[in-house]
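Biologist: I have a structure to go through before I head back to the bench. Can we take it in short questions and answers?

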Amino acid sequence: MIVYSTTLQDLPPAEILVVGSGSAGATAAITAARLGASVTLVERYGFMGGISTQVLDTFYGFFTPGANPRKVVGGVPDWVVEELLKHKAAIYRPNTYGAGQGITYDPETLKVIWEQLALQSGVRLLYHALVVDVIREGDTIQGVVIASKAGLFRLTAHVVIDASGDADVAARMGVPFESSRDVPIQSLTTTFKLINVDVEKAKNVKKAELHAKMQQAAEWGYDLPRKEGSVHLTPLPGVMATNMTRVRDVDPLDIQQLTQAEIEGRRQAMEYSRFLIERIPGYEKAALGGLSVQIGVRESRRIFGEYRLSRDDVLSARKFSDAIAQCGAPIEEHHAGQDTRWEYLPEGETYHIPYRCLLPQKAEGLLVAGRCLSADHDAHASVRSMGQCMAMGQAAGAAAVIALQHNTHPRAVAIPELQSTLRRLGAILD
């Protein structure tokens with residue numbers, strides 16, 4: 001008989017519990033707290049932001065691509081951007097692939113901004129806490145079990161928002177999902193930044209020139225799995241950031257494979273930085289200035305919700321009566337090959353993200369937000385942009401508060417009331 005040395009301890013309950021503080025979870029927690037709810041946010045790292053502060057440095061999805069960009073994300077996400085600009089820690093930057101204007105920021109400053117906005121809103125933060133199980137009554141979630149240095153804790157809530165990225169809570173509730181164990185998923189990327197760059201000189205290197213040299217790299221003795229990718233300006237002088245490495249054929253839910261992916265991602269980052277320093281003008285005196293906190297996972301579990309966003313929905317710019325956000329981002333698939341597949345919506349168009357994509361099948365009292373939403377592989381490759389993750393988080397936070405106010409489950413939330421609340425917050429639904 002196995003005897004466990006740890007017993008469950010109780011933490012103060014929350015009205016709304018958010019698991020994961022990436023761009024979706026952070027926005028969900030801030031939104032719900034601003035609307036008056038008691039909110040607890042559980043985060044496994046010692047800071048907020050998820051991919052937005054661990055791996056990337058640009059919000060995409062706020063604007064439609066094309067010649068006449070249109071802003072399609074608003075509300076609480078604007079508050080985040082305003083704070084970044086106030087700290088002189090963000091710049092607007094067009095995307096060279098046509099994904100639309102991006103907002104590039106300093107991730108270290110964003111860590112503090114996410115945290116301060118959450119605290120100002122009244123969010124209770126629990127860092128260094130990992131969700132390891134759920135508390136349930138039948139199909140209804142009652143809370144979660146978290147592990148920390150001090151042991152195992154029980155944390156109950158009226159509504160739980162799974163913004164873990166990997167749908168950890170939903171999976172433990174038995175919600176059906178699709179993952180790399182069922183279909184191929186996108187590759188993983190370790191990002192890195194270079195310091196002491198001659199930025200003016202580096203800016204004159206065109207994308208075609210950079211990619212042509214990457215195609216030649218093997219002849220010069222470099223091992224570059226991806227033959228394209230980006231290196232871009234940042235708000236910091238002399239610093240350029242990259243999105244270049246490609247670690248393919250990995251199941252990010254497998255601890256052994258993910259460990260090897262982390263090792264391989266850092267190896268590739270060293271090789272790509274060597275290539276840039278030795279072969280690309282402007283980088284002659286540069287040095288590696290930092291690696292992403294963890295490897296960037298684009299896709300793992302995608303739940304099956306009340307509706308599943310499809311490739312056709314995206315490319316036909318479909319609209320829905322239960323819209324909670326909109327997106328104009330192209331399908332951007334980082335497959336196992338040497339390039340990236342891009343497919344665009346009609347010029348200036350957007351599609352709607354239905355509320356039903358945030359409602360998991362076979363679970364009550366639970367919402368998802370962010371990249372674990374209900375979408376097929378191609379639709380996911382568009383809707384996972386951080387701007388849309390923030391918009392989904394805002395919608396999940398608002399829906400959770402409405403469910404709390406009416407003492408019901410998120411599935412019973414009236415769409416007109418949710419949309420009205422979102423518009424009052426500043427969300428752009430039309």
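Modeller: Start with one definition: a residue is buried when its relative accessible area is under 20%. Keep in mind that this is a predicted model.

Biologist: With that cut-off, what share of the 430 residues of the protein counts as buried?

Modeller: The cut-off is under 20% relative accessible area. Applied to the 430 residues of the protein, the buried share is 58%.

Biologist: How many helices and strands are there in the protein?

Modeller: Both kinds of element are present. The protein has twelve helices, and its strands number 21.

Biologist: What is the radius of gyration, and how does it sit against the globule rule?

Modeller: The C-alpha trace spans about 65 × 55 × 40 Å along its principal axes. For 430 residues the globule rule gives 22 Å. The protein comes close to that, so it is as compact as a globular protein of that length. Its radius of gyration is 21 Å.

Biologist: Of the contacts with a separation of 6 or more, what share comes from residues 24 or more positions apart?

Modeller: A contact here means heavy atoms within 4.5 Å. Among contacts in the protein with a separation of 6 or more, the share from residues 24 or more positions apart is 74%.

Biologist: Now the open sheet of four strands. Which strands stand at its edges, and why is one side of each left without a neighbour?

Modeller: The order is β13-β14-β12-β15, with antiparallel pairing. An edge strand has a single partner strand, so one side of it has no neighbour in the sheet. The edge strands are β13 (230–233) and β15 (287–291).

Biologist: By how much are neighbouring strands of this sheet turned against each other on average?

Modeller: Direction is ignored for this angle. The average turn between neighbouring strands of the sheet is 30°.

Biologist: Which residue of β14 stands opposite Ser 230?

Modeller: β13 and β14 (residues 240–243) run antiparallel, joined by four bridges. Opposite Ser 230, in β14, stands Asn 243.

Biologist: Which helix lies across β12, β14 and β15?

Modeller: Look for residues 255–279. This helix runs at about 35° to β12 (192–195). It is α8.

Biologist: On to the interior. Which helix gives the most to the largest nonpolar core?

Modeller: That core has 77 residues. Ile 16, Phe 59, Ile 324 and Leu 367 touch the most other members. The top contribution, 13 residues, comes from residues 386–405, helix α11.

Biologist: How many residues are in the second, separate core?

Modeller: Its members include Leu 17, Ile 146, Val 160 and Val 368. The count for this second core is 25 residues.

Biologist: Is Gly 370 buried or exposed?

Modeller: Gly 370 sits in the loop between β21 (366–368) and α10 (377–383). Leaving out residues up to four places away in sequence, Gly 370 touches Ala 24, Cys 389 and Met 392. Its relative accessible area is 2%, and buried means under 20%. Gly 370 is therefore buried.

Biologist: Charges next. How many residues apart in sequence are the parts tied together by Asp 251 and Arg 181?

Modeller: Their side chains meet in a salt bridge at 2.7 Å, N to O. Asp 251 is buried at 8% relative accessible area, whereas Arg 181 is exposed at 57%. Asp 251 lies in the loop between β14 and α8, and Arg 181 in the loop between β11 (177–178) and β12. The pair therefore ties together parts whose separation in sequence is 70 residues.

Biologist: Which helix holds both Lys 203 and Glu 200?

Modeller: Their side chains form a salt bridge at 3.4 Å, N to O. The two are three residues apart, about one turn of the helix. Lys 203 is partly exposed at 40%, and Glu 200 is exposed at 52%. The helix, residues 199–203, is α6.

Biologist: With which residue does Arg 411 form a salt bridge?

Modeller: The closest N and O atoms are 3.1 Å apart. Arg 411 lies in the loop between α11 and α12 (415–425), and its partner in the loop between β20 (351–354) and β21, so the pair ties together parts 47 residues apart in sequence. Arg 411 is partly exposed at 29%. The partner, partly exposed at 23%, is Glu 364.

Terms used:
Residues numbered from 1 in each chain as written. Predicted model: local features only at pLDDT ≥ 70, side-chain atom pairs only at ≥ 80, totals over all residues. Heavy atoms only, no water. Pairing = 2+ DSSP bridges. Axes fitted to C-alpha atoms, helices over the stretch in contact; angles between N-to-C directions. Core = buried A, V, L, I, M, F, W, Y, C linked by side-chain atoms within 4.5 Å. Buried < 20%, exposed > 50% of the residue type's maximum accessible area, 1.4 Å probe, protein only. Salt bridge = Lys/Arg side-chain N within 4 Å of Asp/Glu carboxyl O. Rg over C-alpha atoms; globule rule 2.2 N^0.38 Å.
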